[in-house]
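Grab a pencil and work through these exercises with the viewer open. Try each task before you read its solution.

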Amino acid sequence: MKKYLVIGNPIKHSLSPKLHNHWIKQNNVNAVYEKKQLEEVGIQGIISEIKNGKIEGINVTVPFKKSVIPFLDELEYFAKKTQSVNTIYKKKDKVVGDNTDVKGFQYALQHIKYSAKGKKIFILGAGGVTSSIIFALKQLGASTIMLSNRTKEKAENLKKIYPDLDLIKWGNIKNFDMIINATSIGLKENDKIPINYDQIDPGKFFYDVIYNPKKTNFLLEGEKRDNQIENGKIMFAYQAALAFEIWTGLLPSVNKKVLQLLEND
Ligand code: NDP
């Protein structure tokens, strides 16, 4: 039986096992998908299990999307461009890192029929997933991308990859069409982003990459002020479907049933 895993810290929130095991069963794949909480020192060991064939594939979540890279033999196109890996597998005898977050985010916007073309986007956070979101938004033709992160150096590092980013001091707000919470603030209850929501006019689009909990404080603040809101559930489903395809050659569809499955938790 093949074994797949999602690694991260924290990992309790992850619905990856639920979704992948659903597709495994649906497609009669002889496999099981589990989750594993790790410390940074455990990364090398777990990746070596791909090399020796004990594990077939790994998904990577917060906070390891970048820190897995030194232990991989090769990066696929989006992983190389974004320096962020969420899917690992073995190709011939090489351990390869890929990134399905870029397409996952693009498909999620398409799914809800939101066009980012010509839009001003304000991103909070400069962790592993942010680079994928910036890359996706640039491909979709966003006019301006502003970025704000607590640790300034991380935002500056992203500006080295994307020189036209507009860096904003953490806690400040500029005018935007769409604001994205790409931090992990909200994973824990009572987590709050230190921005003044009263400075934001209504009619904007609040997008949170977090999908569990369903409505973070950030989304509740947006909703309360008459803004469109969306959580990361659809993105999550698409990035998972694309990872499943990489591993098995089968692309599951992201339909009502799949999204419902993620609701019932
Ligand atoms: P990282 O750990 O790489 O980055 C975390 C980010 O959150 C950093 O920018 C960090 O800022 C910021 N942050 C965390 N705590 C605080 C705090 N208390 N105050 C201010 N800033 C804080 O995580 P990822 O980029 O990999 O993931 C971010 C989120 O996106 C996670 O919640 C993850 O679950 C979600 N995600 C969802 C996906 C989906 O498909 N829907 C796909 C991928 C990720 P600093 O640099 O200052 O530490």
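**Exercise 1.** Find the loop that holds aspartate 226, then work out what its phi looks like and whether the residue is buried or exposed.

*Step 1.* Aspartate 226 sits in the loop between H7 and strand S12 (228-230); helices (H or I, at least four residues) and strands (E, at least two) are DSSP runs, numbered from the N terminus.

*Step 2.* Its phi is near 60 degrees, a positive value in a residue other than glycine. Most residues other than glycine have a negative phi.

*Step 3.* Aspartate 226 has 62% relative accessibility and counts as exposed. The cut-offs are under 20% relative accessible area for buried, over 50% for exposed and partly exposed in between, with a 1.4 Å probe and protein chains only.

Before you go on: this is a predicted model, where local features need pLDDT of at least 70 and side-chain atom pairs count only at pLDDT 80 or more, while totals for chains, interfaces and linings use all residues. Residues are numbered from 1 along each chain as its sequence is written, and side-chain values use heavy atoms, with hydrogens and water left out.

**Exercise 2.** Do the same for asparagine 28: where does it lie, and what is its phi?

*Step 1.* Look in the loop between helix H1 (16-26) and strand S2 (31-37).

*Step 2.* Asparagine 28 isn't a glycine, yet its phi is positive, about 50 degrees.

*Step 3.* Asparagine 28 is exposed too, with a relative accessible area of 71%.

**Exercise 3.** Locate the cis peptide bond that leads into proline 63 and the one that leads into proline 213.

*Step 1.* Valine 62 and proline 63 are joined by a cis bond with omega about 0 degrees. Proline 63 belongs to the loop between strand S3 (57-60) and strand S4 (74-75).

*Step 2.* The bond from asparagine 212 to proline 213 is cis as well, with omega near 10 degrees. You'll find proline 213 in the loop between strand S11 (205-208) and helix H7 (217-224).

*Step 3.* For context, most peptide bonds are trans.

**Exercise 4.** How many residues surround the ligand, and which polar atom of threonine 151 lies by a ligand oxygen?

*Step 1.* The ligand is surrounded by 27 residues (a heavy atom within 4 Å). Val129 and Lys154 are among the closest.

*Step 2.* A polar side-chain atom of threonine 151 lies 2.5 Å from a ligand oxygen, a polar contact (a pair of N or O atoms within 3.5 Å).

*Step 3.* Helix H8 (233-248) gives the most to the shell, with three residues.

Conventions
Polar contact = N/O pair within 3.5 Å; in protein donor to acceptor, adjacent residues only side chain to side chain.
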